[in-house]
Amino acid sequence: METPDDRRWMSEALAQAEEGMNNGELPVGAVVVLDGAVVSAAHTAERETDRMLVHADLLALVAAESELGRRRRDATLYVNLEPCFMCLGAAMSAMVGRVVYGLESPGDGAAAVLQAWDSQRDVSMFPAYRLPAIQGGVMRQSSAELFRRYAVAASGPPGFVKWATLLGQLA
């Protein structure tokens, strides 16, 4: 269920996405929040680093790890785009309590698949490893607008521009 603060923190993730887009990156931003404060923030850095494993949500989780300590389950990851398998798996491994995203990503979003997997697995085999609570659709239109703007102004790879165009058309 969406909380009153979800829009506040999603605005922070969208600001990170905007910053990334202004630097030529895909407009994906993320923040990790604990006790009403941002403990880490990041935007995707694929063009900047010439690497693929530098998604905003993954970077924010890595940066927050030492701050979370034993309070991991109290933390929330906010990201303006539905996490992929890698990033949602990282949220599970980091043991954050919630993942909140803005816009669904039908081509690579992992929420529905991992929720189905989680409902089928034998939790008793590894009870500490669990899927965080997932909330989608927070500030969905704002995220879609960023992707529309990226698609119009992008100088990135054609595949990313096409993907951004499709995401922008979702809302």
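In the predicted model examined here, Arg71 touches Leu34 and Asp35, when residues up to four places away in sequence are not counted. Arg71 itself is found in the loop between helix 3 (56-68) and strand 3 (76-81). The side chain of Arg71 also makes a polar contact with the side chain of Asp74, at 2.9 Å. With a relative accessible area of 35%, Arg71 is partly exposed, because this value falls between the 20% limit for buried residues and the 50% limit for exposed ones. A second arginine, Arg148, stands 77 residues away from Arg71 along the chain, and the C-alpha atoms of the two are separated by 37 Å.

The overall architecture of the chain is considered next. The protein chain contains seven helices and five strands. Read along the sequence, these elements follow the pattern α-β-β-α-α-β-α-β-α-β-α-α. The radius of gyration is 15 Å, close to the 16 Å that the globule rule gives for 171 residues, so the chain is as compact as a globular protein of that length. Along its principal axes, the C-alpha trace spans about 50 × 35 × 35 Å. Of the 171 residues in the protein chain, 47% are buried. Among contacts between residues at least 6 apart in sequence, 62% join residues at least 24 apart. The chain exposes about 8,400 Å², and carbon and sulfur atoms supply 55% of this area. As for charge, the mean positions of the 15 positive and 21 negative charges are 3 Å apart.

Helix 1 (residues 6-22) includes Gln16. The relative accessible area of Gln16 is 16%, and Gln16 is therefore buried, the limit being 20%. Leaving aside neighbours within four places in sequence, Gln16 is in contact with Gly29, Ala30 and Val31, and also with Ala41, Ala42 and His43.

Thr44 is found in the loop between strand 2 (37-43) and helix 2. This threonine is buried, with a relative accessible area of 4%. Beyond its neighbours within four places in sequence, Thr44 is in contact with Glu25, Leu26 and Val28, as well as with Val54, His55 and Ala56. The contact with Ala56 can be described in further detail: the backbone nitrogen of Ala56 lies 3.3 Å from a polar atom of the side chain of Thr44. Thr44 and Glu19 are 25 residues apart in sequence, and their C-alpha atoms are 9.7 Å apart in space.

Helix 4 (85-94) precedes the loop that leads to strand 4 (98-103). This helix is mostly covered, seven of its 10 residues being buried. The buried residues are Cys87, Leu88, Gly89, Ala90, Ala91, Met92 and Ala94. Their cover includes helix 3, strand 3 and strand 4, together with helix 5 (111-120) and strand 5 (133-135).

Backbone geometry was also considered. Most residues other than glycine have a negative phi. Just after helix 4, however, Met95 takes a positive phi of about 65°, although Met95 is not a glycine. Met95 is placed in the loop between helix 4 and strand 4. Its relative accessibility is 25%, so Met95 counts as partly exposed, above the 20% limit for buried residues.

Asp50 likewise has a positive phi, of about 55°, although it is not a glycine. Asp50 lies in the loop between helix 2 (46-49) and helix 3. Its relative accessibility reaches 71%, and Asp50 therefore counts as exposed, for which a value over 50% is required.

Technical notes. Residues are numbered from 1 along each chain as its sequence is written. This is a predicted model: local features need pLDDT of at least 70, side-chain atom pairs count only at pLDDT 80 or more; totals for chains, interfaces and linings use all residues. Side-chain values use heavy atoms; hydrogens and water are left out. Helices (H or I, at least four residues) and strands (E, at least two) are DSSP runs, numbered from the N terminus. The radius of gyration is taken over C-alpha atoms; the globule rule is 2.2 Å times the number of residues to the power 0.38. Buried means under 20% relative accessible area, exposed over 50%, partly exposed in between (1.4 Å probe, protein chains only). Contact means heavy atoms within 4.5 Å. Accessible areas come from the Shrake-Rupley method with a 1.4 Å probe; for residues, only the protein chains shown count as cover. Lys and Arg count as positive and Asp and Glu as negative; His and the chain ends are not counted. The place of a charge is taken as NZ of Lys, CZ of Arg, CG of Asp or CD of Glu. A polar contact is a pair of N or O atoms within 3.5 Å; within protein, one must be able to donate a hydrogen and the other to accept it, and residues adjacent in sequence count only if both atoms are side-chain atoms.
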